[in-house]
Every structure is written in C-alpha cells, then in structure tokens.
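Q: I am new to this structure and would like a close look at one part of it. Please choose a single residue, describe its surroundings, and then follow the connections outward from there.

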Amino acid sequence: SRFSFATMPLPLRAWRHALPVLGAPVLCEWISKEAYLEKKGVKSGGYQPTRSGQMRYKDLQVGNKGPIARDGDGAAVHFEGKLPNGRVVDSSYKQFSSIKFVVGRGQVPPCVDEGVIGMRSGGKRELIVPPQYSHPEHFDTVLVYQIVLFEVQQHKQNKEKDRQEQAEQEAAEAAAAEAGKGQA
C-alpha cells in the first residue's frame with residue numbers, strides 16, 4: 001500500500017518524528033541542544049546559565065537605566081526567535097509597539113519571561129533556548145532568541161528589597177572602611 005498523510009492517524013506534530021521511520025525524506029536538519037551549543041561555540045563564548053539553568057544567555061548590550069527586572073515587575077520588550085538556520089519563527093516586531101507584560105506570569109513565551117530577569121532598561125540579550133522553552137510549533141529544535149528591554153516598572157515589594165539591599169551594602173562598605181582604618 002502507498003503511504004499517505006491523509007490516512008495517517010498521527011497529529012501533525014508527530015508526523016515529523018514518524019517520517020524518518022516511514023522512509024520519507026527528511027527536509028530539515030535535526031540538531032540537539034548540545035550540538036547546537038557546540039556549533040555556536042557557546043561553551044566558550046561568554047554565555048551564562050539562566051536562573052533555572054535550562055537556557056544560556058549573553059548580554060549583547062548591558063542596560064544602564066532604572067531598576068533590574070525581577071519577578072512581578074512590569075516589562076516592555078521586543079523579542080525575536082530564530083531557528084539555527086536564521087529563519088524567524090517568533091517575533092514581537094510584527095506589532096508596531098513593544099510587548100508589555102508582568103515578569104513571571106506566563107504572558108509571553110517562557111524563554112522571554114525568564115530571559116528578562118536581571119536585565120535593566122536599554123539592555124539587549126541573546127538566549128540559546130532548548131525545545132521545551134521555545135515556540136510551541138518548534139518544540140523539537142533549539143532556538144536563538146534576542147530580547148531588547150525598553151522599560152521596567154518595579155513592583156512595590158521589589159522596591160523595598162532594593163532599599164534593603166542598598167542599606168546593607170552601604171553598611172558593609174562602612175564596616176569595611178572602619179576595619180581598614182583600624183588596621184592602619
């Protein structure tokens with residue numbers, strides 16, 4: 001009997017996995033996260049793990065305005081996700097204004113949600129995203145996302161944390177200066 005997609009009971013996403021088994025030609029290159037990271041030189045290219053450890057990021061431009069983005073803060077970003085071959089699969093640039101969301105609430109793709117944490121306004125970051133964090137239609141390949149953060153609106157609790165951290169830092173600096181005077 002002749003193979004036909006119409007008679008195949010698998011959903012569309014599963015066909016990609018079934019094609020090589022059925023002897024159909026594979027039209028795209030299958031690449032693992034590790035192979036992609038190795039190909040891009042990520043291990044030695046200044047990429048760092050994100051908070052969850054599932055993604056790697058590199059700051060292309062460090063932001064220098066306003067507070068650092070944290071869970072619960074409001075953020076305004078543009079982002080673009082690409083396949084390893086450079087084809088764009090997810091982009092906020094289709095809209096003519098930035099995407100506004102609350103960090104950590106799942107209002108944007110998971111990689112963008114986690115990727116903005118630790119950035120300041122004006123920053124640009126590149127993320128190497130494994131399949132489980134990437135665009136739903138491309139759940140079987142690694143994607144590269146670039147995020148540009150335009151604005152952070154700090155949540156009340158995060159403002160208080162910043163004040164406490166700043167006070168602790170100033171106290172530690174004063175104690176270090178006092179200790180330095182005592183030794184001299």
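A: A good place to begin is Tyr57, which is buried because its relative accessible area is 15%, where buried means under 20% relative accessible area, exposed over 50% and partly exposed in between, computed with a 1.4 Å probe on protein chains only. What is described here is a predicted model, in which local features need a pLDDT of at least 70 and side-chain atom pairs count only at pLDDT 80 or more, while totals for chains, interfaces and linings use all residues. Residues are numbered from 1 along each chain as its sequence is written, and side-chain values use heavy atoms, with hydrogens and water left out.

Tyr57 belongs to strand E2, residues 56-61; helices (DSSP runs of H or I, at least four residues) and strands (runs of E, at least two) are numbered from the N terminus. Beyond its neighbours within four places in sequence, Tyr57 has contacts, meaning heavy atoms within 4.5 Å, with Gly46, Tyr47, Gln48, Pro49, Thr50, Arg125, Glu126 and Leu127. One of these, Tyr47, lies 10 residues away in sequence, with a C-alpha to C-alpha distance of 5.0 Å from Tyr57. Another is Thr50, placed in the loop between strand E1 (48-49) and E2. Thr50 counts as buried because its relative accessibility is 10%, and, residues up to four places away in sequence not counted, Thr50 touches Met55, Tyr57, Glu114 and Leu127.

Two further contacts of Tyr57 lead into strand E6. The charged end of Arg125 sits over the ring of Tyr57, 4.0 Å from the ring centre; for this, NZ of Lys or CZ of Arg must be within 6 Å of the ring centre and within 35 degrees of the ring normal. Leu127 is the bridge partner of Tyr57 in E6, and E2 and E6 run antiparallel, joined by five bridges, strands being paired if DSSP finds at least two bridges between them. Five of the six residues of E6 are buried, so this strand is largely enclosed by the rest of the structure. E6 (residues 124-129) also has the highest mean pLDDT among the elements of the chain, 91, whereas helix H1 (residues 12-22) has the lowest, 46; pLDDT is the predictor's confidence in each residue, from 0 to 100.

From E6 the path continues to strand E7, with which E6 pairs in the antiparallel sense over six bridges. Here Arg125, the residue whose charged end sits over the ring of Tyr57, has Ile147 of E7 as its bridge partner. Ile147 in turn is the bridge partner of Phe79 in strand E3, and E3 and E7 run antiparallel, joined by nine bridges. Leaving out residues up to four places away in sequence, the contacts of Ile147 include Val77, Phe79, Val112, Arg125 and Leu127.

Ile147 is also among the residues with the most contacts inside the largest nonpolar core, together with Val77, Phe101, Val112 and Tyr145. A nonpolar core is a set of buried Ala, Val, Leu, Ile, Met, Phe, Trp, Tyr and Cys residues joined through side-chain atoms within 4.5 Å, and this one has 25 residues. Two or more of them come from each of E3, strand E5 (99-102), helix H3 (110-115), E6 and E7, and E7 gives the most, with five residues.

At E3, seven of the nine residues are buried, so this strand too is largely enclosed by the rest of the structure. E3 also pairs with E5 in the antiparallel sense, over four bridges. The structure holds one aromatic pair, a tilted one formed by Phe79 and Tyr145, with 6.2 Å between the centres and 35 degrees between the planes. Rings of Phe, Tyr and Trp (its six-membered ring) pair if their centres lie within 6.5 Å, and planes under 30 degrees apart count as stacked, over 60 as edge-to-face and the rest as tilted. The pair links distant parts of the chain, since Phe79 is in E3 (residues 74-82) and Tyr145 in E7 (residues 143-153), 66 residues apart.

As for the whole chain, 36% of its 184 residues count as buried, and its average pLDDT is 75, with 70% of the residues scoring at least 70.
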